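Subject: Structure handover

Dear colleague,

Here is the structure I said I would pass on. Please look it over before reading my notes below.

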Amino acid sequence: MKTLTVRVTAELQVPDDWTLVDHAAGMTALKIGDQFVDFDIAPLSTRDDDPEAMWTDEDETLTARVLDCVIELDSDLDLNYQQ
């Protein structure tokens, strides 16, 4: 077995009424209206070796196979206001 490390960083500009809250599951979540949002890894795949290939997560079997290999996952949410 090999270890593959994937670091995912995303920066989003979000409306002022979206907030970070402590969720009962023991994590920080993004609160949008009455919904809570967490971020996770979602592998995308394609069968086309083409620069214009369409990448999706529709192959649920392959997605599950890749996600089954995840042994640790951590995300950290930080909200900063622009001036």
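The notes below go from the chain as a whole to single residues.

Please keep in mind that this is a predicted model.

Overall layout

The chain contains 1 helix and 3 strands. Read from the N terminus, the order of these elements is β-β-β-α. The radius of gyration is 16 Å, well over the 12 Å that the globule rule gives for 83 residues, so the chain is more spread out than a compact globule. The C-alpha trace spans about 45 × 30 × 25 Å along its principal axes. Of the 83 residues, 6% are buried. As for contacts between residues at least 6 apart in sequence, 32% of them link residues at least 24 apart. A search for aromatic pairs gave 0.

The sheet

The 3 strands make an open sheet, ordered β1-β2-β3, with antiparallel pairing. Strands β1 (19–23) and β3 (35–37) are at the edges with a single partner strand each, so one side of each has no neighbour in the sheet. On average, neighbouring strands in this sheet are turned by 50 degrees against each other, direction ignored.

Between β1 and β2 (residues 27–32), which run antiparallel, there are 5 bridges. One of the residues to look at here is V21, whose bridge partner in β2 is A29.

The hairpin loop

The hairpin of β1 and β2 has 3 residues between its strands, and G26 there adopts a positive phi near 90 degrees. G26 belongs to the loop that lies between β1 and β2. Is G26 buried or exposed? Its relative accessible area is 70%, and since exposed means over 50%, G26 is exposed. G26 and F36 are 10 residues apart along the chain, and their C-alpha atoms are separated by 13 Å.

Strand β3 and its surroundings

F36 also appears in a charge-ring arrangement: the charged end of K31 sits over the ring of F36, at 4.9 Å from the ring centre.

V37 is placed in strand β3. With a relative accessibility of 24%, V37 counts as partly exposed, because that class covers values between the 20% limit for buried and the 50% limit for exposed. Which residues does V37 contact, leaving aside its neighbours within four places in sequence? They are A29, L30 and I32. A29 is also the bridge partner of V21 in β2. From V37 to D57 there are 20 residues in sequence and 19 Å in space, C-alpha to C-alpha.

The helix

Helix α1 covers residues 60–67, and T63 is found in it. The relative accessible area of T63 is 16%, and because buried means under 20%, T63 is buried. Setting aside neighbours within four places in sequence, T63 is in contact with P43 and D57. D57 is thus named twice in these notes: as a contact of T63, and as the residue 19 Å from V37, C-alpha to C-alpha.

In short

The points I would keep are the open antiparallel sheet of 3 strands, a chain that is more spread out than a compact globule, and the 6% of residues that are buried. At residue level, they are the positive phi of G26 in the hairpin of β1 and β2, the charged end of K31 over the ring of F36, and the contacts of T63 with P43 and D57.

Regards

How values were computed. Residues numbered from 1 in each chain as written. Predicted model: local features only at pLDDT ≥ 70, side-chain atom pairs only at ≥ 80, totals over all residues. Heavy atoms only, no water. Pairing = 2+ DSSP bridges. Helix = DSSP H or I, 4+ residues; strand = E, 2+ residues; numbered from the N terminus. Axes fitted to C-alpha atoms, helices over the stretch in contact; angles between N-to-C directions. Buried < 20%, exposed > 50% of the residue type's maximum accessible area, 1.4 Å probe, protein only. Contact = heavy atoms within 4.5 Å. Phe/Tyr/Trp six-rings, centres within 6.5 Å; stacked < 30°, edge-to-face > 60°. Lys NZ or Arg CZ within 6 Å of the ring centre and 35° of its normal. Rg over C-alpha atoms; globule rule 2.2 N^0.38 Å.
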